[in-house]
Amino acid sequence: MGEAIVFTSGKGGVGKTTTIANIGAGLSRLEKKVVMLDTDMGLRNLDVVMGMEDQIQYNLIDLLESRCRLKQALIKDKRYPNLYMIPAALKHKPVREYKSKLYSLIGQLKQEFDYCLIDCPAGIEDGFDFAVSAADRAIIVTTPHISAVRDAGRVIYLLESLRLRQMEVIINEYNSRMVRRHEMMSREDVIELLGIPCIGVIPVDDKIIVSQNQGVPVLSLRSKSAPSFMQIARDLDDPVIIPIDLNVDDPCEKQRRICVNNEVVSYEA
């Protein structure tokens, strides 16, 4: 059974679509079968970032309305053999009525794919509720700017109200030089304000603009952000296991309990 991860943000322009495209490419490099769903109806940017806009025949709404089969809506990336995409519709339609159909579709995709990555529209309108409804996990993308972090906090509150418990943040466009000069919020500042773990930090990288214009993931280029995207993909696929307590007299240690993604599980010695 695969996992459905929604990538969301409180505001636009924080690099959410670029992030999902590169993490999807990174997971496919790890030999995972990945499908990316664009749920941003009316705008549809994921296909442009991936350079797939000329391959589209059907979109997500066509699939949810049974105007095509799943295999017809799936677009396979020619550069990454394990990577697929389902594009959003260009014409905006109210999506709230499709929530149950999306839930069924994600359930079907999780039988076939290791990861279903959902590109959520920015903001907290109906599209947000629609995209989040079928997710098992949420990754909030933000930049280290106070307005973006504040909006990310609002999104976390909404996700908690929807009982989506597993959440992490990715900090994009991070400039370590400005942080050292106290001109930008640090990673620790963002974590303290949002109160959720940070799964990765993406440095400022001009090559991201080049990659978008060429329609290729930045992983395909020599760039300083590519290793960060690849490391996030590895961490998503192989979470770090941290002992809760190294005290041998502690009941948790005796029961061989560990913490994986903030959840306590048991393992055998």
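How much accessible surface does the protein chain have, and what share of it belongs to carbon and sulfur atoms? In this predicted model, the accessible surface comes to about 13700 Å². Carbon and sulfur atoms account for 47% of that area.

The protein chain has 269 residues, and 51% of them are buried. Its secondary structure consists of 12 helices and 11 strands. Contacts often link distant parts of the sequence: among those between residues at least 6 apart, 71% join residues at least 24 apart.

The largest pocket was examined next. It holds about 500 Å³ of space. Its lining is made up of 26 residues. Val-14, Gly-15, Lys-16, Thr-18 and Gln-212 lie nearest the pocket centre. Four elements each give two or more residues to this lining: H1, helix H2 (46-49), strand S7 (167-174) and helix H10 (207-214). H1 gives the most, with four residues. Sorted by class, the lining has 10 nonpolar residues, 10 polar residues and six charged residues.

Helix H1 spans residues 16-29 and includes Thr-19. Thr-19 counts as buried because its relative accessibility is 0%, and the cut-off for buried is under 20%. Which residues does Thr-19 contact, leaving aside its neighbours within four places in sequence? The partners are Phe-7, Val-141, Ile-170, Asn-172 and Phe-229. H1 thus appears in two settings: the helix holds the buried Thr-19, and H1 also gives four residues to the lining of the largest pocket.

Conventions. Residues numbered from 1 in each chain as written. Predicted model: local features only at pLDDT ≥ 70, side-chain atom pairs only at ≥ 80, totals over all residues. Heavy atoms only, no water. Buried < 20%, exposed > 50% of the residue type's maximum accessible area, 1.4 Å probe, protein only. Contact = heavy atoms within 4.5 Å. Areas by Shrake-Rupley, 256 points an atom, 1.4 Å probe, with all protein chains shown as cover. 1 Å grid on protein atoms, 1.4 Å probe; cavity = no way out; pocket = protein on both sides within 12 Å on 5 of 7 lines; lining within 4 Å. Points joined across faces, edges and corners; volume = space filled by probe spheres on them. Nonpolar A, V, L, I, M, F, W, Y, C, P; charged D, E, K, R; others polar.
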